[in-house]
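Q: Could we go through this structure together, please?
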Amino acid sequence: MKILIKNIKQLLQVRDNPVQKVSGADMRSLPLLEDAFLLVEGDRIADYGKMTDLPDTQADEVIDASGRVVLPTWCDSHTHIVYAGNREQEFVDRINGLTYEEIANRGGGILNSAKKLQDTPEDELYEQSAKRLEEVIALGTGAVEIKSGYGLTADAELKMLRVVKKLRAHYGIPVKATFLGAHAIPAAYKSDREGYIDLIINEMIPAVAQEGLAEYVDVFCEKGYFTTEETEAILEAGKAFGLIPKIHVNQFHAIGGVQTGVKYNALSVDHLEVMRDEDIEALKGTETIPVALPSCSYFLSIPYTPARQMIDAGLPLALATDYNPGSTPSGNMNFVVATACIKMKITPEEAINAATINGAYAMGLSDTHGSISRGKKANLIITKEVPGYAYLPYAFGSNHIEQVMINGNIN
Ligand SMILES: N=CN[C@@H](CCC(=O)O)C(=O)O
Ligand SMILES: [Zn+2]
């Protein structure tokens, strides 16, 4: 099957020589072609160029993208979309004055979600999660990472990861799995945190590895959750089973989590709402990509990751949703890109780089996703008629997407 997309107003993120990620000042450059064509063969990008150079080719289907922008689908490298129910009551409680921390201390928060998830059968959990995945694909996400961490028992953590595996098998987009047993200390281990860490290290990680259920290992390295020493022990154990670290750090407090991530060669360090100069320094010259989650800052009214400062310091940056029931009940990458521009003062070019090629890097997918390059997967967003790509984050809150193509198929 050959599909020709012609008359594209702007074809974004065109890279003849694909890169793994873009950093610092290079993030300001978003290579594009105006008045372009794109040829899809099977599930791959076969060719692209200016309309004036359109080869004489027979296509099975022709899409006229006049007035429209075409770009690679979003790569959302940080989500928790496998969860049960919702936490709308906590949302109301926060409006009425309680803090996220106070709610967690009263047994709400992650423990509330864990209780719900433990009581939800696997099939039902799959159905709820599949709906969310379908929703985000329609919003232009074409690759996603999903974490466990709302199980907090060996059985429930494995249940979550089996749901992720089923989602991967059923949907055409890459779905990367992360084991986040160290998301919170469960109530049963309240006065025996060593016991829970022991369970993670000696039972959960080996079981996850044995079933091949995850590629990454994550820890919520934060005051009141897991210390840097505990994080190190868990990452060490994960690494022994081939799990690559990808961790939650610096959401509320800077306790050295960035340095721990760098020490363990984490693929990414995520959140980073509270960053000291030494945390930015620690990331320089490393392969660890910082990931910002602006929808979380928006929803919790906490500081935004100092993305401007980090990019100006020469770092790469990825953007992701953090879609989860507590801190970010939204999986909309379009909103993430707009919020990054509006609140973090990064340019549309930087934000689109952060949400495509750098998001792909944060999931180990740069070779196949995240840019318009020959041979990469044909996962594309075709917008409605728009004045240009900066209009996408500018006119925030509207849905500018007309069609989403996954593996060469229009969804
Ligand atoms: N910060 C830790 N974990 C999730 C939220 C957890 C929750 O409130 O359910 C996050 O990334 O924001
Ligand atoms: Zn998260």
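Q: Thanks. What follows α7, and what is its phi?
A: Gly-242 follows α7, and the phi of Gly-242 is positive, near 80°. Helices (H or I, at least four residues) and strands (E, at least two) are DSSP runs, numbered from the N terminus. The model is predicted, so local features need pLDDT of at least 70 and side-chain atom pairs 80 or more, while totals for chains, interfaces and linings use all residues. Residues are numbered from 1 along each chain as its sequence is written, and chains are lettered from A and ligands numbered from 1 in the order written.

Q: Which residues of α7 are buried?
A: Glu-230, Thr-231, Ile-234, Leu-235 and Gly-238 are buried, meaning that 20 or more other C-beta atoms, placed from the backbone, lie within 10 Å of their own (exposed: 12 or fewer; partly exposed: in between). They cover an arc of only 130° around the axis, which puts them on the same side of α7; the arc is that of the directions from the helix axis to the C-beta atoms.

Q: And which are exposed on the other side?
A: Glu-229 and Ala-240 are exposed there.

Q: What do the buried ones pack against?
A: The buried residues of α7 pack against β8 (175-182), α6 (193-210), β9 (216-221), β10 (244-249) and α8 (257-263), where contact requires C-beta atoms, placed from the backbone, within 7 Å.

Q: New topic: which residues come nearest to ligand 1?
A: Of the 13 residues around ligand 1, these are Ile-110, Phe-220, Asn-324, Gly-326 and Ser-327; a residue counts if its C-beta atom, placed from the backbone, lies within 6 Å.

Q: Lastly, what does Ala-355 touch?
A: Not counting residues up to four places away in sequence, Ala-355 touches Trp-74, Cys-75, Leu-319, Met-333, Val-336 and Val-337.

Key: Contact = placed C-beta atoms within 7 Å.
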